[in-house]
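Reader: I've got a new model open and I'd like to learn how to read it. Can you walk me through it, beginning with the cysteines?

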Amino acid sequence: MQQKITLKLLPSEAQNESVIAERIAQFLSKKTRAVSGFQIIKKSIDARGKNVWINLLVTAYIDEPIPPKNELKFAFKNVERAAKKVIIIGGGPAGIFAALRLIENGVKPIILERGKEVRARRRDLAVLNKEGIINPESNYCFGEGGAGTYSDGKLYTRSSKRGDINRVLHLFVHFGANENILSDAHPHIGTNKLPSIITAMRKCILDCGGEFHFDKKVIDFVIAQNEIKAVKTADGDALHANSFILATGHSARDIFHLLHQKKLQVLAKPFALGVRVEHPQELINSLQYGSHNQQQEFLPPASYSLVDQVEGRGVFSFCMCPGGIIAPASTNEKEVVVNGWSPSKRNNPYANSGMVVQLEIEDVIKYNCEAKTKREAQINSPFIMMDFQKEIEQQAFQMGGGKFVAPAQRMVDFTENKISSTLPKCSYLPGVASVSLNEILPPFINNRLKKAFQSFAKKLPGKNKQTGYFTNEALLVATESRTSSPVRIPRDERLLHHPQIKNLFPCGEGAGYAGGIVSAAMDGERVATACGN
């Protein structure tokens with residue numbers, strides 16, 4: 001007999017297979033020896049009450065052997081001599097998963113990545129963190145694996161209608177990820193482990209006859225009769241294919257401009273912007289698990305998810321990184337962008353999260369109209385949101401003083417309009433400078449953030465101002481501005497190609513159709529299926 005059941009266990013019990021078997025037997029009114037074994041389907045943490053519980057959904061096997069795990073199989077074909085070729089512009093999750101799906105469909109993928117291979121990127125990141133020198137083509141956003149490779153590796157998504165989440169997770173396991181991502185409610189790989197997984201995916205693509213080119217920046221499209229015939233690269237090559245997948249990520253501003261120059265439609269798109277908040281991880285643990293919880297040694301570093309509606313706009317936590325590090329995610333000189341990541345063990349002493357305000361196009365139009373230096377042409381531009389994003393990032397760079405030092409302010413000081421006389425230690429390696437964030441973020445963002453932080457004080461309260469979420473021990477670091485693309489590249493709803501170019505398939509975060517590794521991967525697969533048929 002086999003049966004699916006849900007168990008509510010203490011964290012220490014959930015780590016002990018013998019105890020789990022005993023609880024299964026009790027639940028089913030069986031003797032423990034009758035439990036042949038179990039398989040965990042889903043695992044989640046419930047910290048809403050006085051005690052913290054682990055909820056396990058398991059398949060229990062009673063008086064019968066445990067069958068082999070039902071692993072998905074992938075049939076990667078040899079496509080070296082395939083009749084059909086597809087050029088993929090961008091080697092992030094959308095591009096890589098598109099390539100793998102094309103190979104399964106017997107189509108040859110050719111990935112053109114403007115940045116470097118995943119391990120060479122690490123050297124450029126070290127120079128950025130230590131010396132404040134950026135490589136515009138190789139950084140936290142550009143390079144093999146895209147922004148996701150060095151920004152945590154969270155695999156949680158709510159985009160279940162966009163594709164097969166289970167397939168994407170199984171592909172990660174196939175290429176070396178831990179099997180626990182198949183059952184964890186909020187799966188996470190870790191920035192330290194993703195590079196080897198991405199490398200294994202690239203090896204598969206090459207072994208099957210696909211191509212993967214680095215330092216291959218696309219600078220032009222050759223268009224004739226409503227089709228792209230070839231792309232031109234910065235090193236002088238012209239590359240031809242049957243179809244072209246555009247998977248360049250949310251920071252490839254040059255591609256947005258190239259499309260506009262070619263009179264191909266691009267649209268302004270809402271996005272969210274704010275700051276990254278850093279607390280001591282021990283503080284977040286105490287708020288979520290309780291300061292006297294004896295089970296903490298069996299629990300992972302705590303996370304949180306916060307959201308509020310302030311003056312008609314959402315203010316919410318974004319990309320929360322327990323035991324994480326704040327990283328410089330800029331792609332050009334003279335702009336400061338921050339993001340967060342965690343290693344697989346999430347064992348750093350700080351917790352950080354984006355805290356951002358949802359921006360609508362009307363907000364930025366009003367802001368531009370009120371600024372005397374703005375021209376009406378900017379108001380009607382498809383780049384109105386991107387230009388606003390860039391302006392805030394450049395202001396942050398100036399206020400930080402250069403070399404990607406980030407402007408920062410203690411949380412309570414920010415709400416009380418006080419410049420912080422000192423700043424707490426921070427994980428952001430280029431360093432932070434004490435400034436008033438009011439001089440960087442416009443009032444319609446600042447005011448909403450201030451009200452939200454005071455609201456969150458009630459949702460995660462402590463005994464006093466130093467032990468709750470709303471504390472001066474928390475540091476706000478500006479700016480968290482690359483939450484999603486500020487531009488959408490339109491596409492046919494059913495056929496997924498650009499309305500004007502029938503063999504150009506925009507996808508992923510850069511085109512405005514995804515928001516994270518898994519949703520980008522699923523969108524890449526959808527587009528690959530569409531253009532490979």
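Author: Happy to. Keep in mind that this is a predicted model. As for disulfides, the structure holds zero of them.

Reader: How far from Cys-208 is the nearest cysteine sulfur?

Author: The general idea is that a disulfide needs two cysteine sulfur atoms within 2.5 Å. Here the nearest sulfur to Cys-208 belongs to Cys-204 and sits 4.2 Å away, so by that cut-off Cys-208 is in no disulfide.

Reader: Is Cys-208 buried or exposed?

Author: Relative accessible area decides that: under 20% is buried and over 50% is exposed. Cys-208 comes in at 10%, so it's buried. Cys-369 has 51% relative accessibility and therefore counts as exposed.

Reader: Let's zoom out. How many helices and strands does the protein chain have?

Author: You'll find 16 helices and 22 strands in the protein chain. To judge how compact the chain is, set its radius of gyration beside what the globule rule gives for its length. Both are about 24 Å for these 533 residues, so the chain is as compact as a globular protein of that length. Along the principal axes, the C-alpha atoms fill a box of roughly 75 × 65 × 40 Å.

Reader: And what share of the residues count as buried?

Author: That's 57% of the 533. Contacts tell you about the fold too: among those with a separation of 6 or more, 72% link residues 24 or more positions apart.

Reader: Now a single helix. Which residues of α9 are buried?

Author: Helix α9 spans residues 281–289, and its buried residues are Gln-281, Leu-283, Ile-284, Asn-285, Leu-287 and Tyr-289. Next, look for what they pack against: β2 (35–46), β12 (271–280) and β17 (350–359). Just past the helix, Gly-290 has a positive phi of about 95°.

Reader: Where does Pro-301 sit?

Author: In the loop that runs between α9 and β13 (307–310). Pro-301 has 24% relative accessibility, so it counts as partly exposed.

Reader: Which residues does Pro-301 touch?

Author: For a contact list, it helps to set aside sequence neighbours, here residues up to four places away. What's left for Pro-301 includes Gln-281, Asn-285 and Tyr-289, which are among the buried residues of α9. Pro-301 also touches Pro-322, Gly-323, Lys-345 and Arg-346.

Reader: One last thing: how do the charges stack up?

Author: Count the side chains, then compare the centres of the two sets. The protein chain has 68 positive and 52 negative side chains, with the two centres 2 Å apart.

Note on methods: Residues are numbered from 1 along each chain as its sequence is written. This is a predicted model: local features need pLDDT of at least 70, side-chain atom pairs count only at pLDDT 80 or more; totals for chains, interfaces and linings use all residues. Side-chain values use heavy atoms; hydrogens and water are left out. Helices (H or I, at least four residues) and strands (E, at least two) are DSSP runs, numbered from the N terminus. The radius of gyration is taken over C-alpha atoms; the globule rule is 2.2 Å times the number of residues to the power 0.38. Buried means under 20% relative accessible area, exposed over 50%, partly exposed in between (1.4 Å probe, protein chains only). Contact means heavy atoms within 4.5 Å. Lys and Arg count as positive and Asp and Glu as negative; His and the chain ends are not counted. The place of a charge is taken as NZ of Lys, CZ of Arg, CG of Asp or CD of Glu.
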